[in-house]
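Please open the model in your viewer and keep the selection tool at hand, since this tour moves from one group of side chains to another.

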Amino acid sequence: EVNTSKAAPEKAGWLRFDRPFNMLSFKGHTISRESPSYKWWMGITLAIGSMTVGFAERMVEIAIPQIMLALRVDLDRVQWIRTAPAIIRTILGPMVGWLVGIFGVRQLYIASFILYIICSGFAGTAWSLSALVFFLTLKNAGGGLRQPLSMSMMYQVFPSHQRGLAIGLYQASQMVGPLIAPLVGGWLVEQ
């Protein structure tokens, strides 16, 4: 007997959810995908999430002299703080489409966000340069995945006549993090 149902086949995975990102919920208020404001709330949420990536990267750059002193390392070794994360983002960038095919956009975004947050905490408590580079690299694996995933979700949520505006605003918001990070980072390093 042939299965003629239109239901999607079950996929295995540790972070598999059966529902798509069709609604947002905050403090008991739910915004469904049919709501006119849904796409803008989704865009704002994704923009804030991606803004943190650039913010955190610039914060680390400001703290490099203090990291050198605290971990007693020279400039040649501390440069791996920026090099290793850049390498992992370069490797993972082209793989996003393949990973989405395996896990799905929503699941991969949630997993990358969780990886980013957990590794940020471990990087903040790193006991050596090797541990710091390792956790920053994993953190940037999560951050590097979030940016193309955010663009993919924006493309799915916004209608074709609003995609240019939405993606332009999203890209502009990504510049806010690196813009304010030196101010906040400098203040935090001096404290």
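A salt bridge, for the purpose of this tour, is a side-chain nitrogen of Lys or Arg within 4 Å of a carboxyl oxygen of Asp or Glu. The model in front of you is a predicted one, and it holds five salt bridges.

**First stop: a network of charges**

Begin by selecting Glu-57 and Arg-58, which form a salt bridge whose closest N and O atoms are 3.2 Å apart. Is Glu-57 buried or exposed? Glu-57 counts as buried because its relative accessibility is 10%, and the cut-off for that word is under 20%. Arg-58, at 27% relative accessibility, counts as partly exposed.

Keep Arg-58 selected and add Glu-61, with which Arg-58 forms another salt bridge, the closest N and O atoms here being 3.8 Å apart. Both Glu-61 and Arg-58 lie in helix H1, which covers residues 38–62, and they are three residues apart, or about one turn of the helix. Glu-61 is partly exposed, with a relative accessible area of 33%.

Now select Arg-82 as well, and look for the place where its side chain meets that of Glu-61 in a salt bridge of 2.9 Å, taken from N to O. This pair links distant parts of the chain, since Glu-61 belongs to helix H1 while Arg-82 belongs to helix H4 (residues 80–92), and the two are 21 residues apart. Arg-82 counts as partly exposed, at 22% relative accessibility. With Arg-89 added to your selection, you have the whole network, in which salt bridges that share partners join Glu-57, Arg-58, Glu-61, Arg-82 and Arg-89.

**Second stop: aromatic rings**

How many aromatic pairs does the structure hold? There are five of them, and a good one to select next is the pair of Phe-122 and Phe-135, which is stacked, with 5.1 Å from centre to centre and 20 degrees between the planes. The pair links distant parts of the chain, with Phe-122 in helix H6 (residues 105–124) and Phe-135 in helix H7 (residues 129–157), 13 residues apart. Phe-122 is partly exposed, with a relative accessible area of 41%, whereas Phe-135 is buried, with a relative accessible area of 12%.

Leave Phe-135 in view and select Trp-127, because the rings of these two residues have their centres 6.0 Å apart and their planes at 75 degrees, which makes the pair edge-to-face. Trp-127 counts as exposed, at 63% relative accessibility. If you then add Phe-134, you can see one aromatic cluster formed by Phe-122, Trp-127, Phe-134 and Phe-135.

**Third stop: arginines over rings**

Select Tyr-116 together with Arg-146, which lies over the face of the tyrosine ring at 4.6 Å from the ring centre. Then move on to Tyr-155 and Arg-163, where the arginine lies over the face of the ring at 3.8 Å from its centre.

**Last stop: a nonpolar patch**

Finally, switch to a surface display and select Val-176, Leu-179, Ile-180, Leu-183, Val-184, Trp-187 and Leu-188, which form a nonpolar patch on the surface and together have about 670 Å² of accessible area. One residue of this patch to pick out is Leu-179, which is found in helix H9 (residues 176–190). Why does Leu-179 count as exposed? The reason is its relative accessibility of 61%, given that exposed means over 50%.

Note on methods: Residues numbered from 1 in each chain as written. Predicted model: local features only at pLDDT ≥ 70, side-chain atom pairs only at ≥ 80, totals over all residues. Heavy atoms only, no water. Phe/Tyr/Trp six-rings, centres within 6.5 Å; stacked < 30°, edge-to-face > 60°. Helix = DSSP H or I, 4+ residues; strand = E, 2+ residues; numbered from the N terminus. Buried < 20%, exposed > 50% of the residue type's maximum accessible area, 1.4 Å probe, protein only. Lys NZ or Arg CZ within 6 Å of the ring centre and 35° of its normal. Patch = residues over 30% accessible without salt bridge, like charges linked within 9 Å, V, L, I, M, F, W, Y side chains within 5 Å. Areas by Shrake-Rupley, 256 points an atom, 1.4 Å probe, with all protein chains shown as cover.
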